[in-house]
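Here are some worked exercises to try with the coordinates open beside you. Have a go at each task before reading on to its solution.

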Amino acid sequence: MRWALVKVCLAVTAMVVVAFAIPLGLVIKEMARDRAFSNAEREAAAVAPALSITTDREQLERVVASAGTEDGMAVHIPASADGEATDIGRQRAADKDVATVRKLGRASTTEVPGGSTLLQPVALSSGEIAVVEVYVPESEVSNGVGMAWAVLAGVGLALIVGSVAVADRLGVRMVRPARKLVEGAHELGEGKLGSRVPEEGPTELRLAAVAFNSMADQVVQLLANERELAADLSHRLRTPLTVLRLNAASLGDGPAAEQTRAAVAQLEREVDTIIRTAREAKPQTAAAGPGAGCDAAEVVRERMAFWSALAEDEGRKWRVAGADRPVRIPVARADLGAALDALLGNVFRHTAEGTAFAVDLHNGEDAVIVLVSDAGPGIPDPEAAMARGRGSGNAGSTGLGLDIVRRLAESTGGDVRIGSSVLGGTEVRIWIQLDGRVPERRGHRVRRRRTVRLVSTFNRPRSLP
C-alpha cells in the first residue's frame with residue numbers, strides 16, 4: 001500500500017507539472033520574442049522623426065548611429081524625382097520584402113540568416129515611403145528562455161520529489177499500524193496472549209487496533225475462566241477418587257486388585273496434572289522436537305497389557321500385531337496412551353461382552369499407522385461419529401475420546417478415519433505423520449493410495465488367540 005500510494009502521487013504530480021510547465025515555457029518563449037521586437041520597434045521609432053525632416057545622408061547616419069548600430073539598423077530611402085535611392089547601413093532583408101512594406105505601408109517581419117528583421121515604413125516630407133530595417137538576432141529572441149526553462153524544470157522536479165516524500169511519509173503512517181496489527185494477530189495466534197497493538201495511525205486503523213485489543217482481552221478472560229473451570233471441576237473429582245482409592249485398598253491381593261489400585265493412582269495423577277496445567281496456564285504436553293517422542297510399540301504393548309485383564313474377564317479375544325519392534329513417533333508417550341485408552345475404552349463401552357478386538361501397528365517410510373478394530377456391530381454413520389469427535393456429543397457420548405485421537409493425529413500432520421474392519425465391526429485408523437508436515441494436495445493423494453495398500457495388508461484375515 002505504501003508503494004502504491006507513492007506511485008499514484010508520482011503519476012499525478014508528474015501530470016500536473018507537465019500540464020503547467022509546457023504551456024508556461026511556451027508563453028515565456030513568446031514573451032521573449034515580443035520583448036525583442038518591441039525593442040526593435042523603439043529603435044525604428046527613434047529614426048522616424050529625423051526621416052520626416054531630412055533625407056541628408058550624413059545627418060541620417062548620425063541619427064542611425066545614435067539610435068542603434070550600423071550593423072543592426074538600415075534605412076532605405078526611395079529615389080526622388082531629381083535624385084537617387086539612398087541606403088544607409090547593412091541591408092539583410094530582400095529587396096522584394098522592402099518593396100512590399102513600402103507599397104503596403106505596414107510594418108512587417110521577415111526571417112534572415114542568424115535571426116529576423118523588422119521592416120518599419122516611415123513617411124517622408126516628400127510623400128514618399130522610407131523603410132527602416134532593424135535586425136533582431138536569434139540570441140536576443142531567446143535571451144533568458146533557457147534559464148527560465150531550467151527554473152521551471154527545477155521547480156517541477158522539486159514538486160515531484162516533495163510530493164513523493166510526502167506520499168511516502170503518509171504511506172509509512174498508514175502501513176506501520178497495519179503491520180503492527182498483523183504482527184499482533186500472528187503473535188496472538190501463536191499463543192502470546194499478552195500481545196497488544198498500539199492505537200495509532202488513521203482513524204480506521206485506530207478503530208481496528210481498539211477492536212483487536214478488546215478481542216485479545218476477551219480471549220484472555222475466556223481462557224482464564226476456562227482454566228478456572230477445569231481446575232474446579234478436576235478438584236471436585238478428588239472426593240470420589242479418595243473413596244475409590246480407599247475401596248481399592250480394601251480389595252486385598254491379586255492381579256485385579258493391583259490393576260484397580262494402579263488405575264486409581266494413575267487417575268489421581270491425571271487429575272493433579274489437569275489442575276496444575278489449568279492453574280499455570282501451560283499446555284500439558286509440549287510439541288515434540290527433534291529426537292523427542294516415544295516408542296509406539298512399547299506404548300501399545302503397555303496399554304494392551306492393561307486392557308487384557310478386563311478383556312479376559314469379559315471373555316474377549318484380542319490380538320496385537322506389529323508391536324514386536326521399536327517404532328519411534330513424534331508424539332508424547334502420555335498422549336499416545338490416552339488416545340489408545342480412548343479407542344479401546346470405546347470398544348469395551350459400545351460392544352457386547354465377548355466381542356473380539358485387535359490393534360495393528362505399521363511403520364511406513366514417512367508415517368506410522370495404528371489400527372484399532374473390533375467385531376462389534378460397527379458404526380453406521382462414520383461422519384456423524386467424527387462430528388461427535390469434534391465435540392458436539394450426543395447419544396450418551398461426550399465426543400472427547402475421538403477428539404483426543406483426532407488432535408493427536410492432526411498435531412503431526414496426519415488424520416483419523418473410521419471404516420469397517422475385517423472382523424465385522426469398526427476400524428479406526430490413526431495416521432501419524434513422521435515429518436510433522438501437512439502433505440500437499442497432490443502428495444496427499446499419493447499417500448492416501450499408499451494408505452489403502454497398507455490398510456488392505458492389515459485387513460487380511462488373521463486368527464485371534
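Two strands count as paired if DSSP finds at least two bridges between them. Keep in mind that this is a predicted model.

**Exercise 1. The β4 hairpins**

Task: work out which strands pair with β4, and where the positive phi angles sit in the two hairpins.

Solution.

Step 1. Start with the β4–β5 hairpin, which has five residues between its strands. G127 sits in that turn with a positive phi of about 95°. The pairing of β4 with β5 (residues 129–137) is antiparallel and runs over nine bridges. As a register check, look for S116 opposite V136 in β5.

Step 2. Now take the other partner. Strand β3 (residues 108–112) pairs with β4 (residues 115–123), again in the antiparallel sense, over five bridges. To fix the register here, note that E111 has S116 as its bridge partner in β4, while S108 is bridged to L119.

Step 3. Look at the turn of this β3–β4 hairpin: two residues lie between the strands, and G114 has a positive phi near 90°.

Step 4. Finally, ask how covered β4 is. Seven of its nine residues are buried, so β4 is largely enclosed by the rest of the structure. The cut-off for buried is under 20% relative accessible area.

**Exercise 2. Salt bridges across the chain**

Task: find out how many salt bridges a search of the whole structure gives, then work out which parts the D217 and D360 pairs tie together.

Solution.

Step 1. The search turns up 13 salt bridges.

Step 2. Take D217, which bridges to R196 with the closest N and O atoms 2.6 Å apart. D217 belongs to helix α6 (residues 203–236) and R196 to the loop between α5 (145–189) and α6, so this contact ties together parts 21 residues apart in sequence. Both ends are partly exposed: D217 has a relative accessible area of 41%, and R196 has 34%.

Step 3. Move on to D360 and R319, whose side chains meet at 2.7 Å, N to O. D360 is in strand β9 (residues 357–363) and R319 in strand β7 (residues 318–321), so the parts being tied are 41 residues apart in sequence. Here D360 is buried at 2% relative accessible area, and R319 is buried too, at 11%.

Step 4. Some bridges share partners. E298, E302, R303, R333 and D341 are joined into one network that way.

Step 5. One more pair to inspect is R316 with E314, the closest N and O atoms being 2.7 Å apart. R316 and E314 are both buried.

**Exercise 3. Aromatic contacts**

Task: state how many aromatic pairs the structure holds, then give the geometry of the F306–W307 and F348–F357 pairs.

Solution.

Step 1. The count is three aromatic pairs.

Step 2. F306 and W307 are one of them: the ring centres are 5.5 Å apart and the planes make an angle of 90°, which is edge-to-face. F306 is partly exposed at 29% relative accessibility, whereas W307 is buried at 12%.

Step 3. F348 and F357 are also edge-to-face, at 5.5 Å centre to centre with 65° between the planes. The cut-off for that label is over 60 degrees, so 65° makes it. Both F348 and F357 are buried.

Step 4. Put the two pairs together: F306, W307, F348 and F357 form one aromatic cluster.

**Exercise 4. Helices α1 and α5**

Task: check the span of α5 against the expected value, then find which residues make up the nonpolar surface patch that includes M15.

Solution.

Step 1. α5 has 45 residues, and from its first C-alpha to its last it reaches 65 Å. At 1.5 Å a residue you'd expect 66 Å, so the two values are close.

Step 2. Step just past the end of α5 and you meet G191, with a positive phi of about 100°.

Step 3. For the patch, pick out V8, V12, M15, V16 and F20 on the surface; together they have about 510 Å² of accessible area. M15 is in helix α1 (residues 2–53) and counts as exposed at 57% relative accessibility.

Key:
Residues numbered from 1 in each chain as written. Predicted model: local features only at pLDDT ≥ 70, side-chain atom pairs only at ≥ 80, totals over all residues. Heavy atoms only, no water. Salt bridge = Lys/Arg side-chain N within 4 Å of Asp/Glu carboxyl O. Helix = DSSP H or I, 4+ residues; strand = E, 2+ residues; numbered from the N terminus. Buried < 20%, exposed > 50% of the residue type's maximum accessible area, 1.4 Å probe, protein only. Patch = residues over 30% accessible without salt bridge, like charges linked within 9 Å, V, L, I, M, F, W, Y side chains within 5 Å. Areas by Shrake-Rupley, 256 points an atom, 1.4 Å probe, with all protein chains shown as cover. Phe/Tyr/Trp six-rings, centres within 6.5 Å; stacked < 30°, edge-to-face > 60°.
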